[in-house]
Amino acid sequence: GGGGNGPMRPWVGDIATVVVTGSTSEGAGGSDLPYFAITPPCYLADVRALPAAQLGSQVLTVRQRLSPPRINDAPFDAAGAPIAELATGSVHEWNLQDLRAHPFHLHVNHFQIVSLGAQDPSGYMQEGDWQDTLAMAHTGSATVRFGADRFTGLMLLHCHILEHEDTGMMAFARLTGTEGTTVVAAEDARDAGCYVDPRARGFEYRDAPPLTITEITIIAVVVPVVSVALVVAGAAWWWRRRRQRARQGDGAAAAQDPGEMVCLRDGCARPARGGRALEMTPTTLWRGAAPAA
């Protein structure tokens, strides 16, 4: 979203007060909160220590400038040349500039902070963190690395202030190579205890296993059968309701209409209300128009 045209200024102040009641001796462990270690996902491999020989061939510097809004001295041109061509399956290093006034945002691949021009006094942004947007109020530069993993095509980058990106502070890089190529160079950099989702795809270097017989049966048989059964049940319910309403309508009409005069050889009769037996009205045999009721 938009954030104005000037440099970012941190705000420090109280936004809430939390009041905790009760005795500090409650519970066997007192007031201490439980501690647990987080197991990181394997796609957050630490690529900071990778040697230069295992990086992409180009270390790119990305400069964001205003007046007019542009990246590397060129406004955005969708039909123009990419800012760089990067091989899919490699780790790439970029030097980001002008982060005080322009939060940097990268699509498709998240990046790891390798170094900061100065440490974040708040401690929020730290070297080694993985981000997709980087805004630094205390320094204007940072070096980041990212793995161009699996996907080829265009990768967009831009200032995350809406007014800036919409007026030209945006560019794209082209990811080349074979679709599906993984970042093999970073595989050895993974934490030995990292978490691998067997269903996930991407930076953790494990393809999803094939579907089991049970899963195939559910997808191919159970889901269609249940869907058809629900449709048939809904149609039957609708038809019963339609028939019921039609019968109710016929009964109401019969209750309001005494019926037409029926004339037989020995007289005429009009059906009584409610469908009871005919009430015979003595009359002589007539010809032509029916006698008045």
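Two strands pair if DSSP finds at least two bridges between them. Keep that rule in mind for this tour of a predicted model.

**Stop 1: the whole chain**

Show the protein chain as a cartoon. Its secondary structure comes to 2 helices and 15 strands. The chain has 293 residues, and 28% of them count as buried. Now switch on the surface. The accessible area is about 18,900 Å², and 57% of that belongs to carbon and sulfur atoms. Next, think about contacts with a separation of 6 or more. Of these, 66% join residues 24 or more positions apart.

**Stop 2: the open sheet**

In which order do the strands of the open sheet lie? Colour the 5 strands and read across: 1-5-10-7-8, with mixed pairing. Select residues 60–62 for strand 1 and 130–131 for strand 8. These are the edge strands, and each pairs on one side only.

**Stop 3: strands 5 and 10**

Select residues 91–96, which are strand 5, and residues 142–147, which are strand 10. The two run antiparallel and pair over 6 bridges. Pick out asparagine 95. Its bridge partner in strand 10 is threonine 143.

**Stop 4: glycine 140**

Step back along the chain to glycine 140. This residue sits in the loop between strand 9 (133–134) and strand 10. Is glycine 140 buried or exposed? Its relative accessible area is 14%. Buried means under 20%, so glycine 140 is buried.

Which residues touch glycine 140, leaving aside neighbours within four places in sequence? Select Leu96, Gln97, Asp98, Leu99 and Arg100 to see them. Then add proline 103 and draw a distance between the C-alpha atoms. Glycine 140 and proline 103 are 9.9 Å apart in space, though 37 residues apart in sequence.

**Stop 5: threonine 88**

Now go to the other loop on this tour. Threonine 88 lies between strand 4 (85–87) and strand 5. Its relative accessible area is 8%. That is under the 20% cut-off, so threonine 88 is buried too.

Show its side chain as sticks. What does the side chain of threonine 88 reach? It reaches the backbone oxygen of phenylalanine 151, at 2.9 Å.

Finish with the surroundings of threonine 88. Leave out residues up to four places away in sequence, then select its contacts in two groups:

- Ala148, Asp149, Arg150, Phe151 and Thr152
- Leu175, Thr176, Thr178 and Thr181

Notes:
Residues are numbered from 1 along each chain as its sequence is written. This is a predicted model: local features need pLDDT of at least 70, side-chain atom pairs count only at pLDDT 80 or more; totals for chains, interfaces and linings use all residues. Side-chain values use heavy atoms; hydrogens and water are left out. Helices (H or I, at least four residues) and strands (E, at least two) are DSSP runs, numbered from the N terminus. Buried means under 20% relative accessible area, exposed over 50%, partly exposed in between (1.4 Å probe, protein chains only). Contact means heavy atoms within 4.5 Å. Accessible areas come from the Shrake-Rupley method with a 1.4 Å probe; for residues, only the protein chains shown count as cover. A polar contact is a pair of N or O atoms within 3.5 Å; within protein, one must be able to donate a hydrogen and the other to accept it, and residues adjacent in sequence count only if both atoms are side-chain atoms.
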